[in-house]
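Q: Please take a close look at one part of this model and explain how that part sits among its surroundings. I am a first-year student, so give the cut-offs for any terms you use.

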Amino acid sequence: MLLHGKGWNPNGTGNLALNITAPFKLDAFTYAAELRERAKLAGAANAMKFEGDRALADNFDGVGLVSGITRNLDCLMKGRRVLLLGAGGAVRGAIMPFLSQQPAEFVIANRTVGKAQALAGQFAPFGSCAALGYDAPADRGASDIVVNGTSASLRGKLTPVPAVSFNPDGLASELAYGKGLAPFLRVARGAGVARVADGVGMLVEQAAEAFAWWRGVRPETGPTIDRMTIPLT
């Protein structure tokens with residue numbers, strides 16, 4: 001997404017604004033002259049705007065993901081057990097917004113446990129966060145909300161999370177979109193989870209947050225999400 005031209009911002013100048021996707025989020029983070037707090041914590045940027053020749057960067061992936069789950073799927077995180085898979089840029093951007101929802105338990109699971117532990121330590125001042133390997137959540141019981149923050153589904157691969165990690169009455173959510181019933185969601189369905197969702201909600205909600213940053217007004221997201229959502233079969 002790219003905005004260019006006079007009149008879109010309060011100053012009426014012809015500044016640029018853009019939305020950034022992988023694999024350029026780290027490049028945007030490095031390039032920016034000024035980073036907002038979310039981008040600093042995530043170590044990546046997914047939105048930029050320019051004031052003259054000065055580049056400002058932010059990261060709306062995490063708040064978009066939370067809005068997609070809590071607002072559009074009407075699934076509150078407060079007081080629930082939440083499991084987030086992965087330790088990459090998308091997960092880094094989601095941790096603070098997830099912790100702000102005050103889950104009863106928040107766990108990061110990753111193939112390399114050390115990476116998950118490093119993230120848990122970094123965000124420890126903001127809330128309780130456990131770090132485990134992919135197979136360990138099975139020993140802790142089922143989670144009410146399980147979110148796949150890895151890139152495995154983009155490659156058609158399976159994230160090796162045990163089926164017992166899912167609460168059949170909970171939610172399984174995938175960051176990838178437009179893939180139908182991705183491998184991670186197939187595992188969730190096989191574990192008896194009725195409510196599964198892909199990343200369309202996150203995609204639209206993060207774009208709306210960026211748009212509000214650029215223009216000072218937040219567009220309605222529901223109709224766009226409805227148009228973009230495909231049946232997960």
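A: The answer below follows one helix, its neighbours and a few features around it.

This is a predicted model, in which local features need pLDDT of at least 70 and side-chain atom pairs count only at pLDDT 80 or more, while totals for chains, interfaces and linings use all residues. Residues are numbered from 1 along each chain as its sequence is written, and side-chain values use heavy atoms, with hydrogens and water left out.

The part chosen is α3 (61-72). Helices (H or I, at least four residues) and strands (E, at least two) are DSSP runs, numbered from the N terminus. α3 has 12 residues, which at 1.5 Å a residue should span 16 Å. The expected span is 1.5 Å times one less than the number of residues. The end C-alpha atoms of α3 are 15 Å apart, which agrees.

α3 is mostly covered, since 10 of its 12 residues are buried. Buried means under 20% relative accessible area, exposed means over 50%, and partly exposed lies in between (1.4 Å probe, protein chains only). Among the buried residues of α3 are D61, G62, V63 and G64. The buried residues pack against α1 (25-31), α2 (37-42), α4, β9 (143-148), β10 (166-174) and α7 (200-215); contact here means heavy atoms within 4.5 Å.

D61 in α3 also takes part in a salt bridge, its side chain meeting that of K25 at 2.7 Å, N to O. A salt bridge is a side-chain nitrogen of Lys or Arg within 4 Å of a carboxyl oxygen of Asp or Glu. Because K25 lies in helix α1, the pair ties together parts that are 36 residues apart in sequence. D61 counts as buried, at 6% relative accessibility. The whole structure holds seven salt bridges.

Just after α3, D74 takes a positive phi of about 55°, although D74 is not a glycine. D74 is found in the loop between α3 and β6 (81-85). With a relative accessible area of 63%, D74 is exposed.

The residue that follows D74 in number is treated differently by its surroundings: C75 is buried, with a relative accessible area of 3%. The sulfur of C75 is 18 Å from the closest cysteine sulfur, in C129, so the two are too far apart for a bond. A disulfide is a pair of cysteine sulfur atoms within 2.5 Å. C129 is also buried, at 15% relative accessibility, and a search of the whole structure finds zero disulfides.

Two of the packing partners of α3, β9 and β10, are strands that pair with each other in the parallel sense over five bridges. Two strands pair if DSSP finds at least two bridges between them. β9 also pairs with β6 in the parallel sense, over four bridges. N148 of β9 is the bridge partner of L85, and N148 stands opposite E174 in β10. All six residues of β9 are buried, so this strand is largely enclosed by the rest of the structure.

To sum up, α3 is mostly covered, D61 is joined to K25 by a salt bridge, and the exposed D74 comes just after the helix.
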